[in-house]
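Reader: Before we look at individual labels, could you take me through the reasoning behind them, setting each value beside the cut-off it relies on?

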Amino acid sequence: MTVSAAVVALALPALVALAGTSQAAAQGPCDIYAAGGTPCVAAHSTTRALFASYSGPLYQVQRTSDSAVRDIGLLSAGGVADAAAQDSFCAGTVCTITRVYDQTGSSGNTLVYQGPGGTGGADTAAVATTEAMTVGGHKAYALYIKPGNSYFAGGSGVPTGSSPEGEYMVTSGTHVNNGCCFDYGNTETDHRADGNGAMDAINFGTECWFGGCSGTGPWVQADLENGLFAGGSKAWNPNQVAQTSPFVTAMLKNSGTTQMALQGANAQSGSLTKFYGGALPSGYNPMHKQGAIILGSGGDCCQTNRNDSAGTFYEGAMVKGYPSDATDAAVQANIAAAGYATGTPFTAGAKVSLQATTSCCTNDYLQHDTGDDRVVIAPVTAGSSATDKADATWIIRPGLADGTCLSFESANAAGSYLRHYAFQLHLTPKDGTAQFAADATFCPQPGNSGTGYSFQSVNYPAKYIRHYASTAYIASNGGTNAWDTTSLWRADTTWLAATPWS
């Protein structure tokens with residue numbers, strides 16, 4: 001799902017509790033490929049480990065405020081990305097994803113953005129916080145590529161020439177365009193179009209290279225250089241099916257001399273559909289692969305021009321050899337079991353603590369006073385009293401006035417909710433009135449500062465929960481009240497969904 005300024009609909013029944021423990025996978029896709037005799041030679045993801053034993057970093061983020069970088073790892077070996085580490089590091093500023101590490105351990109296959117400060121070229125690094133989703137109930141971030149973003153690795157141990165190869169990626173059927181070319185896979189080492197068969201990459205988008213396409217896509221195709229192929233020829237393959245799911249599995253395998261196959265599926269459930277399995281296109285036998293790796297662009301981009309494609313990357317791998325259909329099916333089952341889901345990490349009945357992101361106050365949390373009904377921000381640490389920890393803990397409820405939004409019930413004052421009155425926030429018992437329900441309902445949005453979340457008042461949609469002089473209000477970005485000041489408004493209205501203190 002593309003995070004936008006629109007109200008985020010909560011898929012409450014579909015998500016698990018925010019406070020759930022990260023579980024390492026018994027197997028990852030690369031364990032399955034290895035068992036099938038086609039081991040991974042490159043494995044990339046911003047969301048999870050692709051080996052059950054992997055415990056290293058997934059990707060690197062860089063802050064625009066001071067150019068500092070941080071590697072983002074996993075909650076546990078073989079598990080899901082530690083999104084909270086990114087949220088904390090990027091609070092109050094914009095972060096970009098500058099590297100996606102190769103989980104096979106090859107530094108030569110780490111993807112680096114194709115631009116100044118990266119591999120060189122005209123592109124820039126993608127913003128790190130554009131799309132959040134959940135994997136197994138835990139928040140993670142996608143590599144959300146817009147035109148002008150792309151990544152490249154020189155390649156190490158990747159099949160070359162006519163050697164057989166397989167590839168898959170998990171992408172999105174809702175963030176695509178017809179620009180050339182949203183690819184993941186084998187590409188030229190020199191960033192040039194070096195002729196038929198110099199590339200062997202999965203392409204996903206709505207670009208119809210040779211014409212005659214059926215429908216509007218997006219489709220899983222093969223970028224073999226000098227063309228995007230829906231099948232084994234330049235004619236449109238009638239067996240192609242558009243893949244419009246929020247999460248899509250796309251697969252390509254190529255023997256290098258005789259045959260290739262294209263497959264796809266809903267990455268959340270179901271089995272693979274084989275769109276094509278047969279001879280290589282005329283003029284592509286044998287292949288002439290060069291062994292570099294591309295993500296988010298075509299092979300002859302982006303040293304002198306900017307990439308035109310759009311797409312989303314969650315995970316992907318390249319393997320040595322031609323995987324069996326049984327191996328492909330097992331990898332798809334593993335992807336579906338990973339639990340990709342859209343929405344926010346706010347689950348009905350779960351607890352959450354809301355951490356301030358303004359640079360002054362990153363140890364402060366939204367909490368209610370014990371002596372009155374005011375709501376404030378104040379520090380909470382591991383050494384705080386049980387009462388202070390409970391005061392800073394909220395139970396997520398479906399919005400009292402709008403079930404697609406949410407309400408916050410106090411964890412230690414049952415039946416009392418966070419609500420605004422005269423634009424200041426208070427904790428008061430639910431009284432059953434429509435006015436109370438509206439005042440106590442907030443709609444989560446992407447964070448106004450570019451990270452975390454902001455909470456929009458359902459009955460004053462221009463106003464968001466804000467801390468100002470340590471007191472909590474609903475505030476607009478500019479207005480007559482002191483707490484409406486534009487100074488620090490974006491940061492003051494942005495919160496991290498933190499592990500509950502109580």
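Reader: Why is Gln355 called buried?
Author: In this predicted model, Gln355 has a relative accessible area of 15%, and because buried means under 20%, the residue is classed as buried.

Reader: Where is Gln355 found, and what does its side chain reach?
Author: Gln355 is found in strand β22, which covers residues 351–356, and its side chain reaches the backbone oxygen of Thr362 at 2.6 Å. Since a polar contact requires a pair of N or O atoms within 3.5 Å, the distance of 2.6 Å lies inside that cut-off.

Reader: Which residues is Gln355 in contact with, leaving aside its neighbours within four places in sequence?
Author: With those neighbours left aside, the contacts of Gln355 are Thr362, Asp364, Tyr365, Thr494, Trp495, Leu496 and Ala498.

Reader: How many cavities of 30 Å³ or more does the structure hold?
Author: There are two of them; the largest encloses about 50 Å³ of space, and the second largest about 40 Å³.

Reader: What makes up the lining of the second largest cavity by class?
Author: Four of its lining residues are nonpolar, two are polar and three are charged. Because Asp, Glu, Lys and Arg count as charged, the charged class is made up of Glu167, Lys253 and Asp328, whereas Gly166 falls among the polar residues, since Gly counts as polar.

Reader: Which strand gives the most to that lining of the second largest cavity?
Author: Strand β16 does, with three residues, although β11 (165–171) and β16 (248–254) each supply at least two.

Note on methods: Residues are numbered from 1 along each chain as its sequence is written. This is a predicted model: local features need pLDDT of at least 70, side-chain atom pairs count only at pLDDT 80 or more; totals for chains, interfaces and linings use all residues. Side-chain values use heavy atoms; hydrogens and water are left out. Helices (H or I, at least four residues) and strands (E, at least two) are DSSP runs, numbered from the N terminus. Buried means under 20% relative accessible area, exposed over 50%, partly exposed in between (1.4 Å probe, protein chains only). A polar contact is a pair of N or O atoms within 3.5 Å; within protein, one must be able to donate a hydrogen and the other to accept it, and residues adjacent in sequence count only if both atoms are side-chain atoms. Contact means heavy atoms within 4.5 Å. On a 1 Å grid over the protein atoms alone, a cavity is a set of points where a 1.4 Å probe fits but cannot get out, and a pocket is an open set with protein on both sides within 12 Å along at least five of seven lines; lining residues have an atom within 4 Å of a point. Grid points are joined across faces, edges and corners, and a volume is the space filled by probe spheres set on the points.
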